[in-house]
Amino acid sequence: MGAAARLLLVAAGKEARFPSLCLPAKLTVVLLGQAVYLDKSIPTDVRFLAVIQLKNGIEKYWRLFAQVKNGIGQDEKRLIRSRLFQGTIDEDDKTLALHNALVAAKILRIDYPADWPDAIHVIIEMLRSCKDSDQQHLSGTLQLLLSVAKELGSARLRKSQTALQRVTPEIVFLLCEIYSAKSMLWMDYLSVGQGNEAEVNMAMRNSLLCLKILRRLVISGYDAPHTDKTVQQFWASSQNHSGQLLGFANQESSFPPQYQDVVGKHLLQLTKLHVDMAEHHAASFAILPNSIALTLAYWDLVSKFAEVFDKSGGIRQGSADSGTAKAKVEGPLLERLALRALLLLRTCVKIAYQPAQTFKYRTPEIKAQQEQARVMIKTELFKDELVLQIVNTIISHLLVFRTADLEAWEEDPEEWEQQEQSEGNAYEWEVRPCAEKLFLDLLLHFKQLLVPPLLQYFENAQNPHAEIATKEAVYTAMGLAAPFIFKDLNFDVVLTSGLVPDAHQQGRLFKVLRRRIAILISQWAPVQLSDNSRPLVYQMFQHLLNPDDESNDVVVRITAARQLRWIADEQDFSVEGFLPYAADVFTQLMHLLDNVEVDETKLAILESVRILVTRMEEEVSQFGDQLMSSLPRVWEKSGPEDYMIKQAVVAIFAALAMSMGSNAERYQHLMIPLLSEAARPGSDLHIHLIDESLELWNAILMHSNPPLGSEVMQIASLALPLLEYQSETASQALSVIESYIVLAPAAMLEDGLRRQTLAALSGTLDSKSRDIVRVGTVCIQHLIRSAAELGGANGISFIIQDMIATGFLNKILGNLQDAWEAHQTTGPNRKISKLNTLTEGDYFAILARLALAEPELFVQMLSSVGDLSQVWAWLSAEWFSHCLSVDQIDRQKLSLLGLTRLIELPSPVQELVLGRLQDYFDMWTTLITDLQDGQPNGTDTLLWREQEETEYDTPKIVAERQLASKDPVYSVHASGFVAPRLQQLVTRAGGEATFEEQWASNVDKDILARFRALAGAGQPQ
């Protein structure tokens, strides 16, 4: 018996009843859970635990086949199914009944119709048997059916959708009967007071359950709901009921609160039905009876609500209902209905002007119906008068700053500001955001109609005697409309004549206007703002951030700080215009940062600082000391778990390093300890800040002049283990290592770093990221070149020894031999190489660098892994083949240089080289021709051309340019490199005649002729 099952028995006090229960653990939990749940003599809390165990067991084991381990057999499934419905219908506790219904619905979704074909039919028969008798059983059956409708309605498999649609008409017909009877019973009670109160309460519950089920089935159970006569009748009756229910829900009604609540729930279900129909079945919505009139009635409701919107308390999320995880929405019923009405209007706009696109096949009839719906709503609903009325109502009433908003502001300013910021997209939950969205929808499609009255609104708002609430609403509309009316409105005039004076007025309510002005300017700045107005805007934000102004409370200053990021981030941000105010603004932002508590607010302020630092570029240097004196304090004040604050601080450090360039070196003593801690595995900072720290590290190195300071070099080794991390982190760490190799090659070649650096870089060649493999190869080549430049033969000798000691050389040669062997096979059973072509090219680039630097040591290295002649045989064959088959001229030239250096060596290498003379001449001819770009004039297109320095050059870029200028690939002429070495080989082979007779005679005459023609065409230029 499983531990969970044993605990259930102990808790239920029934362990003695099942002394020899030896079923598998998963089966025990499921069967025993159901048995304990159905036993009403057991305490409720234990039964609740049992039904939870039952639900978890079903989710975990039910889909498994009986033959599979932990699978449940068909007999056991039949036993469980036979008692499922009983667990909800006969249960008095609503929470327990709900959870059992969820279990039944999950099983039915899996088993119906294949393994449980009569499930829905049984539920229908139970509905028929108790609809006029036992109302408690009817309630349980409806609860069960509601859970089933939710499960099947959410199914995406066509099988489940078809099964639901097959039974929907019968269920809908029966539910309409029940809903009509039950709603009539309690409506009569509320109207004339006739009936039994207990029966009325049960009727209310059952009619609400019917409505919830009908809403889902009508949407999910039909492809075209308007074609069903029962749906048409229900749609018409739903409109009549909405009117009656609105009368019952009147604020002045004398009904007890519990009845008001149930009436409100009925109304909300009906509004959800109407909105869902418009969203999911646009054609049906338009064709169903009186839908246009219904939408207009909803607008009338919004119009009436708008008159009292400024006094309404607002919608809010309350605690979850018992037995469900869904948060309960609280707030005035009329406001919640108005929200639904606005959502319906938004959906109608989409039907008319933004019809849904689908890949699903549509018959010509369906297309015609959808077009009919679009035209009907466009012409019959959205007439000019209605559109103007909606926009006027939104601006004059629904965008107004309410008394409830001001009270919430003053009760908890910081929390209110953060909530307002996050609710900007909460149009499904709040009236104001939804009204803003509807306003934008209409403005998009009725621009010509709406621009003139909007401009009139904006002109009226400039009146100095206009009310603050009116101005705030109009400024809200002006900000929303910016992308649509910027050609019709001169914002510079509005700024100077209206916003600047308004932002300087004093008084308790003017803080509301100041907040809105900060938002408005941030909305217009990216759209229309002249160069002359920018300094004025920067001055205004300096004013709005001033803590000494009484009208700038914390909300105003936070809003200004938050919106400043959009001012700084706009394309034409003027550094010169901002400089006079920069010192004050940075001081004000840091002061504000010290006085706020909400982390999200701190992050917003820090982000504005980061963007300002980035956009000011080198001009921020004069404020570096000011920022670096404040940011460490922010770091220290943040709690040990406030890693997002620390991430933001590190991001500003990185922005400072990038913007200040080499001037930021004076702050390295503050940044390096942070990097050291963040790069150390196991530290808390390492877990949370490693990516941000690597960005800072790269910024520091990119702008550090060589030689690098001792503090910077001391942490170099900490970057090596990071190459084994995920691609994004490893890529940044690799960039750090590349910077070290470019800027401080001598330090990276010291005994303490060289071998571990090579070992770490060798692992990058196995990465799945092509970019990491490429940069890792470049780093290894830089190390080889630096070793040759700084240490000559000894330097290369150390590199080769390290490659052998770390296994890097064996990996390269082993993989290349595998590739060669694979290329020797053909046919359907040919061997597949472990190496892809690009990585193989990386391996040969590393070998070519070694051969080019010190050919003798290169040959000794080959001899250390096997017989030289055997190794050379397969390695040279693969190398020449790869060199001529790729299209990377710089890599090809590198191989040409490396392989050509090998012909300098005496016996036994000389004989091995002469044995590959055909390949050498083929390579020289082909590649030199490519390098001359088809012009036989002795040129080399890869030769370095001096590049002009730019203002954007960093020390790293300068160092990389110097490296490239010294690279033989870009500084050595290919034909001039080959010719003297070939001549030396001819001389060592016994002279021209002997060479021709013994060796050149084995070379293809066409290739030899092409090479001679190429060699005689011209000398290097």
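This text walks through three helix pairs and three buried residues of a predicted model.

Residues are numbered from 1 along each chain as its sequence is written, and side-chain values use heavy atoms, with hydrogens and water left out. As the model is predicted, local features need pLDDT of at least 70 and side-chain atom pairs count only at pLDDT 80 or more, while totals for chains, interfaces and linings use all residues.

Begin with the helices, which are DSSP runs of H or I with at least four residues, numbered from the N terminus. Helix H14 covers residues 291-308 and helix H17 covers residues 384-398; their axes come within 10 Å and cross at roughly 25 degrees. An axis here is a line fitted to C-alpha atoms over the stretch in contact, and angles run from 0 to 180 degrees between N-to-C directions. H14 and H17 are therefore roughly parallel to each other, a label given to angles under 35 degrees. Their crossing is left-handed, meaning that the near helix is turned anticlockwise from the far one by less than a right angle.

Which residues of H14 meet H17? On the H14 side they are Leu 296, Trp 299, Val 302, Ser 303, Phe 305, Ala 306 and Glu 307, and on the H17 side Leu 386, Gln 389, Ile 390, Thr 393, His 397 and Leu 398. Contact means heavy atoms within 4.5 Å. The residues of this contact comprise eight nonpolar, four polar and one charged. In this grouping, Ala, Val, Leu, Ile, Met, Phe, Trp, Tyr, Cys and Pro count as nonpolar, Asp, Glu, Lys and Arg as charged, and the others, Gly among them, as polar.

Further along the chain are helix H20 (residues 431-445) and helix H21 (residues 447-461), whose axes come within 6 Å and cross at roughly 115 degrees. H20 contributes Phe 439, Leu 442, Leu 443 and His 445 to the contact, and H21 contributes Lys 447, Leu 450 and Leu 454. Five of these residues are nonpolar, one is polar and one is charged.

The third pair is helix H25 (residues 510-524) and H26, which pack at an angle of about 145 degrees with their axes 11 Å apart. The crossing of H25 and H26 is left-handed. Arg 514, Ile 517, Ala 518 and Ile 521 of H25 meet Val 537, Met 540, Phe 541, His 543 and Leu 544 of H26. This contact has seven nonpolar residues, one polar and one charged.

After H26 (534-544) comes a loop that leads to helix H27 (554-569), and Ser 551 lies in this loop. Is Ser 551 buried or exposed? Its relative accessibility is 5%, so Ser 551 counts as buried, the term for under 20% relative accessible area. The side chain of Ser 551 makes a polar contact with the side chain of Gln 506 at 3.0 Å. A polar contact is a pair of N or O atoms within 3.5 Å; within protein, one must be able to donate a hydrogen and the other to accept it, and residues adjacent in sequence count only if both atoms are side-chain atoms.

Glu 570 sits in the loop between H27 and helix H28 (575-594). Glu 570 is buried, with a relative accessible area of 5%. Its side chain makes a polar contact with that of Arg 534 at 2.6 Å. Glu 570 and Arg 615 are 45 residues apart in sequence and 9.5 Å apart in space, C-alpha to C-alpha.

Last, Ser 207 belongs to helix H10 (residues 197-220). Ser 207 is buried, at a relative accessible area of 0%. Leaving aside neighbours within four places in sequence, Ser 207 is in contact with Tyr 179, Lys 182, Ser 183, Trp 186 and His 266.

Note on methods: Helix = DSSP H or I, 4+ residues; strand = E, 2+ residues; numbered from the N terminus. Parallel < 35°, antiparallel > 145°, perpendicular 65-115°, else oblique. Buried < 20%, exposed > 50% of the residue type's maximum accessible area, 1.4 Å probe, protein only.
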